[in-house]
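Below are my notes on the model you sent, set out as numbered points. Please read them with the structure open beside you.

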Amino acid sequence: MKILVTGADGQLGSEIRRMAPSLPDEYVFTDVRELDITDPAAVREAVVDGKADVVVNCAAYTNVDAAEDNGELAELLNAKAPGILAGAAREAGALLIHISTDYVFGGEPYNTPCRESRPCTPTGVYGWSKLKGEQAIAASGCKYVILRSAWLYSSFGHNFVKTILRLTEEKPRINVVFDQVGTPTFARDLAGAVATVIADWGAGREDYQHCGIYNYTDEGVCSWFDFAKMIAALSGRTGCEILPCHSDEFPAKVKRPAYSVLDKSKIKETFGISIPYWVDSLKECLSNFKQQI
Ligand SMILES: NC(=O)c1ccc[n+]([C@@H]2O[C@H](COP(=O)([O-])OP(=O)(O)OC[C@H]3O[C@@H](n4cnc5c(N)ncnc54)[C@H](OP(=O)(O)O)[C@@H]3O)[C@@H](O)[C@H]2O)c1
């Protein structure tokens, strides 16, 4: 099969690129220079004329705070462009695999893991724009799998792991919020889930029964404080004191979910995947960092 990946220079796209040589299909990697997902003619040419069997959309506007001031761009990339990709996927008879977020939740004070069916309550422009993107895909009539993920990190791109590695090197003491709880997710694990969905589509695309929205994060639960402590401990950064603090001590443009743990029962049952524990994946990611230094 021919797999078209968009936004391929980001965290997830780079992990798929790293994984692709070990997979059976032909992958075409594009980022905004090769394929701007907001350009309907270019998308049609790449997907329909290019005879893609699967489109994996890793492109998005991902800066949650900046989205509050750049609503138009966030809407274009996260809400409108997924609809453009979905229209082309429908015309090509391709599967669209799209990535969404735990930030579609947050407006209600949940304290149990969110299933896919829970009513969405985004709190900011980013969450709303991603929810609209999901809705545009679902309304398009294309075959699709939407994977809602959270707290992504990898050795590629910008992320919390890199920030903590830098801060614990530079500062004697840092404060990290302990009142936001979720699950850190190694982008490589999410890339593995994408590969599983692609294989599933390849095996049964004639009468495909697995379209829909699925949660995917690594296993387990922690706060950003716990995540920072674990990054420091595993990387031997013992010289910096890490203290817990409340979210309101860090004035932010958008209120983030206090509890956005995702329930992964549906993806495990449907695709038969097993999901690594977040600490094990963090160890693996940090060992990659060491190899790169
Ligand atoms: N990061 C997280 O913690 C997180 C959590 C949950 C869900 N997600 C979702 O997971 C997906 C992947 O996230 P990620 O962290 O891998 O994102 P990322 O690192 O920000 O990568 C996104 C890529 O898309 C590119 N892009 C921007 N505009 C584009 C356009 N018009 N056409 C094509 N490509 C364009 C970006 O290029 P530039 O860098 O040049 O803009 C970047 O290379 C996204 O849908 C995101 O919403 C992320």
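Which residues are exposed on the other side of H5?

1. Since this is a predicted model, the points that follow should be read as statements about a prediction. To take the opening question, Arg 166, Glu 169 and Glu 170 are exposed on that side of H5. The buried residues of helix H5, which spans residues 160-170, are Val 161, Ile 164 and Thr 168. Seen down the axis of H5, these buried residues fall within an arc of 65 degrees, and they therefore line one face of the helix.

2. The strands S2, S1, S3, S4, S5 and S10 form, in that order, an open sheet of six strands with parallel pairing. Its edges are strand S2 (26-29) and strand S10 (212-215), each of which pairs on one side only. On average, neighbouring strands of this sheet are turned by 20 degrees against each other, with direction ignored.

3. For anyone wishing to check the strand register, a few pairs may serve as reference points. S1 and S3 are parallel and pair over four bridges, and Val 5 has Val 56 in S3 as its bridge partner. S3 and S4 likewise pair in the parallel sense over four bridges, with His 98 in S4 as the bridge partner of Asn 57. Towards the S10 edge, strand S5 (residues 143-149) runs parallel to S10 and is joined to it by four bridges, and here Val 145 stands opposite Gly 212.

4. Strand S3 deserves a separate remark, as both of its faces are covered: Val 54 and Val 56 are buried on one side, while Val 55 and Asn 57 are buried on the other.

5. Two helices that lie across the sheet strands can be described together. Helix H4 (residues 125-140) lies across S4, S5 and S10, and runs at about 160 degrees to S4. Helix H6 (residues 187-204) lies across strand S1 (2-6), strand S3 (54-57), S4 and S5, and its direction makes an angle of about 160 degrees with S5.

6. The surroundings of the ligand comprise 24 residues, of which Gly 7, Gly 10, Gln 11, Ala 59 and Ala 60 come nearest. Helix H1 (11-19) and strand S4 (95-101) each contribute at least two residues to this shell. By residue type, the shell divides into eleven nonpolar, nine polar and four charged residues.

Notes: Residues are numbered from 1 along each chain as its sequence is written. This is a predicted model: local features need pLDDT of at least 70, side-chain atom pairs count only at pLDDT 80 or more; totals for chains, interfaces and linings use all residues. A residue is near a molecule or strand if its C-beta atom, placed from the backbone, lies within 6 Å of it. Ala, Val, Leu, Ile, Met, Phe, Trp, Tyr, Cys and Pro count as nonpolar, Asp, Glu, Lys and Arg as charged, and the others, Gly among them, as polar. A residue is buried if 20 or more other C-beta atoms lie within 10 Å of its own, exposed if 12 or fewer, and partly exposed in between; C-beta atoms are placed from the backbone. The arc is that of the directions from the helix axis to the C-beta atoms. Two strands pair if DSSP finds at least two bridges between them. Axes are lines fitted to C-alpha atoms, for helices over the stretch in contact, and angles run from 0 to 180 degrees between N-to-C directions. Two residues are in contact if their C-beta atoms, placed from the backbone, lie within 7 Å.
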